[in-house]
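Here's a quick briefing on a ligand site and a few of the residues around it. Have the structure open as you read.

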Amino acid sequence: MPQAEVTAPAGASVADGRWLRVKQRLRAELGEDIFASWFARLDLDSITLGTVRMSVPTRFLKSWLQSHYAERVLATWQSEDETIKQIDIVVRSPVIRPAIAKARVAEQPAATGERRSATTTAPTAASGDAPTGSPLDPRFVFENFLVGRANTLAHAAAKQVAQARRQDAVLFNPLYIHSGVGLGKTHLLQAIAWAISAQDRKVLYLTAEKFMYGFVSALKTQTALAFKEALRGIDVLIIDDLQFLQGKSTQVEFGHTLNALVDSGRQVIVAADRPPSDLESLDDRLRSRLAGGLVVEMGALSEEIRLEILKNRVNLARTHHPGFDVPAPILTFIAETVTHNGRDLDGALNRLLAHSKLTGGPVTMDIAELAVRDLIRPQDMKRVKIEDIQRTVARHFNVSRSDMLSSRRTANVVRPRQIAMYLAKTLTLRSLPEIGRRFGGRDHTTVLHAVRKIESLADRDRTLAEEIEILKRMLVE
Ligand code: ADP
Ligand code: MG
């Protein structure tokens, strides 16, 4: 990872003890996810005259911490040591980055001219797509992206990347955004692509599939070298749905491209439906490289956001179909019932729109109920907790929860444990390593094994399949 760790805080071991406690406290108070996103790379530099100096590797982290957590961090320090009066967060100089950044700035005047002529393929608002990339949806711009608790971090990071100028040092690389389906990854990625294509930077947005086929067909026509060169000649590479990247040779090629771009200070942005650690088909080095930048998760959309998205969509639709209107109570009804994801919200509205266009009649509650009937999902992923799964499964199989989490390997606990892990993977958005931790500190490969085992057993064994179905019902209803 290019941003080599600059550790070795200057403080004495007493300070280290306090620092450890401050970190522990922040972790406990803010939760693992927030801590990992924002505090994991915060180092202690020095404590002098009541001022604690800490450092982070990027300007983005610095400004985020200052604007969101400065008071909290100070208060936490003060609870450890009341002589502390202020904190100071600075950007530590990365070891490798400046050389690249300087080189890039130095080459700027000469390079700009060349690049401009080569950028003519960048998407423009008029053409609606990127000739060399995957097509961009004109609705997927920042203006239409609504920010709520579930996506604040991802949105902030995306904005930052979109607004960076070419001569700026890259702040976090790669930027890796993950979430369940329909929660706005593609929207956010394309918003970045639209924003950057309006500047002088050259951006390429590709789905993993397009990347794959591009590479495969380049190989066939023996233009693979040109393809690689073209890829490496861009400023920002955006790859969507990385979980679909299949095949050893494309993965190797993707790895090379990623390394080449990141190492030369070009921005790479990736989206997938799971965290890097769960991309089982990728090799370890590639996974850790992907995890080495900023990894942000987007959560389920809150009801408020869902309502806002609906309102926004109705307004957009009205520009083409002025007669279309959906009364507020109906929008609220849809936001309350279609809880699963943004794509289903779109689906529901499209049905209402179709009705309105075809019949010319008003949208009534009856019609709305019909439109959303099959979009209501029985399960709401976020609500099921791993503890509930463990408790329910333990009770169902008449074993104790502590036995299930223990290292015992007798058949009567092994199977319930595997079923519980399987349910944890399918009913929650937790990653394999996280599930492993919650099951008595097991390795993620153990969880993966359990998931596969249960899948294959349930394929052959109807009784087991039904039993699992019943457990799911108990958990989600
Ligand atoms: P993903 O790529 O994560 O599967 P998409 O980006 O395709 O999800 O989003 C699905 C639909 O939901 C799109 O129509 C998108 O515009 C909408 N959507 C999701 N999140 C938001 C949001 N925060 N603001 C506005 N629209 C959203
Ligand atoms: Mg998508």
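N341 sits in the loop between α12 (328–337) and α13. Keep in mind that this is a predicted model. With a relative accessibility of 4%, N341 counts as buried, because anything under 20% falls in that class. From there we can work over to L183, then to ligand 1 and H187.

**N341 and its surroundings**
- A polar atom of the N341 side chain lies 2.8 Å from the backbone nitrogen of R343.
- Setting aside neighbours within four places in sequence, N341 is in contact with V181, G182, L183 and L301.

**L183, across from N341**
- L183 belongs to the loop between β4 (175–178) and α6.
- The two residues are 158 apart along the chain, yet the C-alpha atoms of L183 and N341 are separated by just 5.7 Å.
- L183 is buried too: its relative accessibility is 7%, and the cut-off is under 20%.
- If you skip residues up to four places away in sequence, L183 touches M298, G299, A300, L301, H340 and N341.
- L301 therefore turns up in both contact lists, the one for L183 and the one for N341, with each list counting heavy atoms within 4.5 Å.

**What holds ligand 1**
- Ligand 1 has 20 residues around it, and the closest are G182, T186, H187, R343 and D346.
- Two of those names came up above: G182 is in contact with N341, and the backbone nitrogen of R343 lies 2.8 Å from a polar atom of the N341 side chain.
- Sorted by class, the shell has seven nonpolar, nine polar and four charged residues.
- On the side-chain front, T186 places a polar atom 2.7 Å from an oxygen atom of ligand 1.
- From the backbone, an N or O atom of G184 lies 3.1 Å from a ligand 1 oxygen, and a polar backbone atom of G342 is 3.5 Å from an oxygen of ligand 1.
- Of the 550 Å² of accessible area that ligand 1 has on its own, the protein covers 96%.
- Which elements give two or more residues to the shell around ligand 1? They are α6 (185–197), α11 (303–320) and α13 (342–359).

**H187, one of the closest residues**
- H187 is located in helix α6, and is among the residues closest to ligand 1.
- Is H187 buried or exposed? H187 is buried, since its relative accessible area is 9% and the limit is under 20%.
- Leaving out residues up to four places away in sequence, H187 touches R139, F140, V141, N144, F145 and R313.

Key:
Residues are numbered from 1 along each chain as its sequence is written. Chains are lettered from A and ligands numbered from 1 in the order in which they are written. This is a predicted model: local features need pLDDT of at least 70, side-chain atom pairs count only at pLDDT 80 or more; totals for chains, interfaces and linings use all residues. Side-chain values use heavy atoms; hydrogens and water are left out. A residue is near a molecule or strand if one of its heavy atoms lies within 4 Å of it. A polar contact is a pair of N or O atoms within 3.5 Å; within protein, one must be able to donate a hydrogen and the other to accept it, and residues adjacent in sequence count only if both atoms are side-chain atoms. Accessible areas come from the Shrake-Rupley method with a 1.4 Å probe; for residues, only the protein chains shown count as cover. Helices (H or I, at least four residues) and strands (E, at least two) are DSSP runs, numbered from the N terminus. Ala, Val, Leu, Ile, Met, Phe, Trp, Tyr, Cys and Pro count as nonpolar, Asp, Glu, Lys and Arg as charged, and the others, Gly among them, as polar. Buried means under 20% relative accessible area, exposed over 50%, partly exposed in between (1.4 Å probe, protein chains only).
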